[in-house]
Amino acid sequence: MKEDCGVFGVVLDNPEASVYIYYGLQSLQHRGEESAGIAVYDGSETHVQKGMGLVSEVFDRIKVKSLKGNAGIGHVRYSTTGAPSLFNAQPLVAHLRGHSIAVAHNGNLINAQQLRDSLEKEGRIFQTTSDTEIIMHLMAKNLHKGFENALLEVMKSIKGSYALLVLFDNTLAGVRDPNGIRPLCLGKNEVGYFLSSESCALDVVNAQLVRDIEPGEIVLIDGVDSSQLRSVKAESEAVNPMHCVFEYIYFARPDSVIDGASVYLARMEMGRQLAKEAPVDAHWVVPVPDSGNSAARGYAVESGIPSVDGLIKNKYVGRTFIAPEQSMREASLRVKLNVLKELVKGKSVVLVDDSIVRGTTMRRLVRLLKEAGAKEVHLRISSPPIIMPCYFGIDMPTRKQLISAQMSPEEVRKLVDADSLHFLSLEGLIKSVGMSSLCTGCLNGNYPMDVPKEGNKYLFEKK
């Protein structure tokens, strides 16, 4: 599974906005690895640079320094369908009614196809296959009402998950959907204000986390003085916040704090809950790096079983490694992960990971451990079974491809050849995060809003 993207915006008292955005995007690289972009307002117009690849591949020192301005936004992208393409890279920039506007979006609009059809009937022309361009057209359609009101009109039209950054000349706006599904937070230091998908990116620019943007809130920043920051709440029917539970399970960086909950501590608690729910007599606790690291530590603390690095990750494997033949699929996994045979031989191990999606990778991991001489492999998963697809910004297989939607936990255990298997209970997961206001649609079908039929899930490309 992959997250769609990450966003980072700044308003400073100096013209070095692009430098801060560059470092912010590097901290959010885990949220998108296919493209990166930065847009900066120089006092008269907005300049944008973007390209395919990692932040460090798209930007060098000269490119970053050439983008001068005190306000800007940045974006890292992962596309969920279709081929990656530069024309879908963000931020998107346009000139409207004598103003320049740039938009960066994390999330997914579930009514994108209907909105696009309606706009095309009005004669509007699209240049991308991203639903972010719909937001740009809706902004243009309502800009005569003023920037703030145009944003409010956009929020009335779009449905789904979104954390938006909109740069309107020298004004930066951060917008979060009424359910607060995708994360967005506000930070501040001595030189300005920051908006970020995660608080870990604030740390790298030496900014303090002020607060999370509230669900349904628009924050507008016109300058560095506190009197220039204002907040507007969209008028909408009362909805309950439903933050994405997989931000805590896997997607967010462990050093982030999202909606008041430490991601690292939540994952450690998931491991502790796993140990309480499914104790086992074993020699070692072994995490699947890096997705199972925090939960494995929690399991080890609660169980008293030492946690060891039984699987060693190759940190230099290219992010787009593709096995050329069927016979090379096992080799592709061995390139990424290698077993410490001397450590696991003749031992019973508790293998901890965050989730099982299709089951193919887990089956290979169990096989690697047993081929290395592990006596027993007890599998512990720090999330409940994934039984439904996500419609709100996570690239997740269809229900037919989700192994837990097709098999019982015992059938999954047999398929992956583990000696035992336990998924964390939903109650244990909620207790670990410390809040009940979570979107658990992929775990129990309890979505925050009506969703399309699964056959229509990918009618429109996400970020």
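These legends describe an overall view and several close-up views of a predicted model.

**Figure 1. The protein chain as a whole.** The protein chain holds 17 helices and 25 strands. Its radius of gyration is 23 Å, close to the 23 Å that the globule rule gives for 463 residues, so the protein chain is as compact as a globular protein of that length. Along the principal axes, the C-alpha atoms fill a box of roughly 70 × 45 × 45 Å. Among the 463 residues, 57% count as buried. Of the contacts with a separation of 6 or more, 70% are between residues 24 or more positions apart. The exposed area of the protein chain is about 18,900 Å², and carbon and sulfur atoms supply 49% of that area. There are 52 positive and 54 negative side chains; the centres of these two sets lie 4 Å apart.

**Figure 2. Helix α16 and the elements that cover it.** Helix α16 spans residues 426–433. Its buried residues are G428, L429, S432 and V433. Seen down the axis of α16, these buried residues fall within an arc of 130°, so they line one face of the helix. E427 and K431, on the other side of α16, are exposed. The cover over the buried residues of α16 includes three helices, α8 (245–251), α9 (263–277) and α17 (441–444), together with the strands β17 (261–262) and β25 (438–439). Just after α16 comes G434, which takes a positive phi of about 90°.

**Figure 3. Helix α1, a mostly covered helix.** Helix α1 runs over residues 17–27. Eight of its eleven residues are buried. These are A17, S18, Y20, I21, Y22, G24, L25 and S27.

**Figure 4. Two cis peptide bonds in loops.** Most peptide bonds are trans. Q90 and P91, however, are joined by a cis peptide bond with omega of about 10°. P91 is placed in the loop between β5 (71–77) and β6 (92–96). Another cis peptide bond joins P289 and D290, with omega of about -10°. The loop that holds D290 is between β18 (284–287) and α10 (293–303).

**Figure 5. Positive phi at D169 and D259.** Most residues other than glycine have a negative phi. D169 has a positive phi, near 55°. This residue is found in the loop between β8 (160–168) and β9 (171–176). With a relative accessible area of 16%, D169 is under the 20% cut-off and therefore counts as buried. D259 also has a positive phi, with a value near 50°. D259 lies in the loop between β16 (257–258) and β17.

**Figure 6. The surroundings of S100 in strand β7.** S100 is found in β7, a strand of residues 99–109. The relative accessible area of S100 is 3%, so this residue is buried. Leaving aside neighbours within four places in sequence, S100 is in contact with Y41, E45, T46, A94, H95, L167, F168 and D169. One of these, D169, is the loop residue with a phi near 55° shown in the preceding figure. L164 is 64 residues from S100 in sequence, and the C-alpha atoms of S100 and L164 are 16 Å apart in space.

Key: Residues numbered from 1 in each chain as written. Predicted model: local features only at pLDDT ≥ 70, side-chain atom pairs only at ≥ 80, totals over all residues. Heavy atoms only, no water. Helix = DSSP H or I, 4+ residues; strand = E, 2+ residues; numbered from the N terminus. Rg over C-alpha atoms; globule rule 2.2 N^0.38 Å. Buried < 20%, exposed > 50% of the residue type's maximum accessible area, 1.4 Å probe, protein only. Contact = heavy atoms within 4.5 Å. Areas by Shrake-Rupley, 256 points an atom, 1.4 Å probe, with all protein chains shown as cover. Lys, Arg positive; Asp, Glu negative; His and termini not counted. Charge placed at Lys NZ, Arg CZ, Asp CG, Glu CD. Arc of directions from axis to C-beta.
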